Amino acid sequence: MEDVFGSCVLECGVEVAVATFFPAAARSPSCQEPTAVQSNIESVLHSSLKGVALGLLRRAGCCAYAAEVRCPIARYRADAAGYLDAASKRNRTAAGGGTEQPMGFVLPRLPLASTVIIEVKVSRADYQRDAAHAAMVAAKLAALQDRHAHLVREFITPLEPHLRRSSTMLFAELEPWDYDASTLNSSKLLGAAIATLTRHCREHTKLAMASRYHLANWLLILSPKGVLSPSELPMGWGLLEFDQATGSVSVAAPAVLHAPPPRFTQRLLRNIASSASRAAATERNP
């Protein structure tokens, strides 16, 4: 996404950097777009691992599964997703760290229907593009919050004392201020920019968003063996490693059990069915 990061001189002589997102020139090397050759290699491997993910979901007992599935509440698409019925002919146990099985892993059966999302990351650069983007947003947000604190301290407090909610506390220094009601244009611009970046941090980082809103019961990253370390995983995600030499999958970090609301489970099942139908139609009419 091409982003805008401009600075404008505002009233009271305060220069405020108003950031909404990032400029292409400000991206770190780890966030740069891969070359054409790298993209082609990663695309082939990514497609292959999505096939592995579908095989994992089938062997784990999912009665419905598909690739490129839209998430329940966001515009993002999961690389692969599956749906498990509550009833099962045989019980399954949770996958443990280090357990290794050919082309498969196991998931526990729950009293209610459950879902699983698998994201494929074929390289560190692939993973770090998401992580670097989130880190840069957080850094920009922190910078804007520091500028707002300076604005409050140096200008809003001395110029707009009427914003203090008087007689609400025993000690005047503890009385709250309604900074949102400031008439300074710089305060309004900063407030809008901070609100935008805050929403971006919370809602528009794919992996963090999936965990934060519990979009599925299990959230897993599938990557070639040795590409990622469990310590690098975003909160709420497990890690599966694919050994290209043996074709086996091992559980490097067990999945955390989430509790999505029933409507998310229903939406994800519907989206799985929709993606599977599109895939079937494409195969019949390429």
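How many of the 6 residues of strand β8 (residues 238–243) are buried? In this predicted model, 6 of the 6 are buried, so strand β8 is largely enclosed by the rest of the structure. The report below starts from the chain as a whole, returns to β8 and its partners, and then turns to Thr115 and to the empty spaces.

## The chain as a whole

The chain contains 5 helices and 9 strands, and, read from the N terminus, its elements follow the order β-β-α-β-β-β-β-α-α-α-β-β-β-α. Of its 286 residues, 42% count as buried, while the area that the chain exposes comes to about 15,000 Å², with carbon and sulfur atoms supplying 56% of it. Among the contacts with a separation of 6 or more, 64% are made by residues that are 24 or more positions apart.

## Strand β8 and its partners

The side chains of β8 can be followed in two sets, since Gly238, Leu240 and Phe242 point one way from the strand and Leu239, Glu241 and Asp243 point the other way, and all of these residues are buried. Two strands pair with β8, and the table sets out how each pairing runs.

| Partner of β8 | Sense | Bridges |
|---|---|---|
| β7 (residues 218–224) | parallel | 5 bridges |
| β9 (residues 248–253) | antiparallel | 5 bridges |

On the β7 side, Leu222 stands opposite Leu240 of β8, and Leu240 belongs to the set that also holds Gly238 and Phe242. On the β9 side, Glu241 has Ser250 as its bridge partner, and Glu241 points the other way from β8, together with Leu239 and Asp243. The antiparallel pair β8 and β9 forms a hairpin with 4 residues between the two strands, and in this turn Gly247 has a positive phi of about 75°.

## Thr115 in strand β6

Thr115 lies in strand β6 (residues 114–120). Is this residue buried or exposed? Thr115 has a relative accessible area of 0% and is therefore buried, the cut-off for that class being under 20%. When neighbours within four places in sequence are set aside, Thr115 is in contact with Gly82 and Tyr83, with the run Leu215, Ala216, Asn217 and Trp218, and with Thr265 and Leu268. Of these contact partners, Asn217 and Thr265 also appear in the lining of the second largest pocket.

## Empty spaces

Rolling a probe the size of a water molecule over the atoms shows where empty space is left. The second largest pocket holds about 210 Å³ of space, and its lining is made up of Leu110, Leu112, Ala113, Asn217, His258, Ala259, Pro260, Pro262, Thr265 and Gln266. By class, these residues divide into 6 nonpolar and 4 polar, with no charged residue.

The structure also holds 3 cavities of 30 Å³ or more, and the largest cavity has a volume of about 40 Å³. Which residues line the largest cavity? They are Cys71, Ala78, Ile117, Glu119, Lys206, Leu207, Ala210 and Trp237, a lining with 6 nonpolar and 2 charged residues and no polar one. Strand β6 and helix α4 (206–212) each supply at least two residues of that lining, and α4 gives the most, with 3 residues. Strand β6, which contains Thr115, thus links two parts of this account, as it is also one of the elements that contribute to the lining of the largest cavity.

Notes: Residues numbered from 1 in each chain as written. Predicted model: local features only at pLDDT ≥ 70, side-chain atom pairs only at ≥ 80, totals over all residues. Heavy atoms only, no water. 1 Å grid on protein atoms, 1.4 Å probe; cavity = no way out; pocket = protein on both sides within 12 Å on 5 of 7 lines; lining within 4 Å. Points joined across faces, edges and corners; volume = space filled by probe spheres on them. Nonpolar A, V, L, I, M, F, W, Y, C, P; charged D, E, K, R; others polar. Buried < 20%, exposed > 50% of the residue type's maximum accessible area, 1.4 Å probe, protein only. Contact = heavy atoms within 4.5 Å. Pairing = 2+ DSSP bridges. Areas by Shrake-Rupley, 256 points an atom, 1.4 Å probe, with all protein chains shown as cover.
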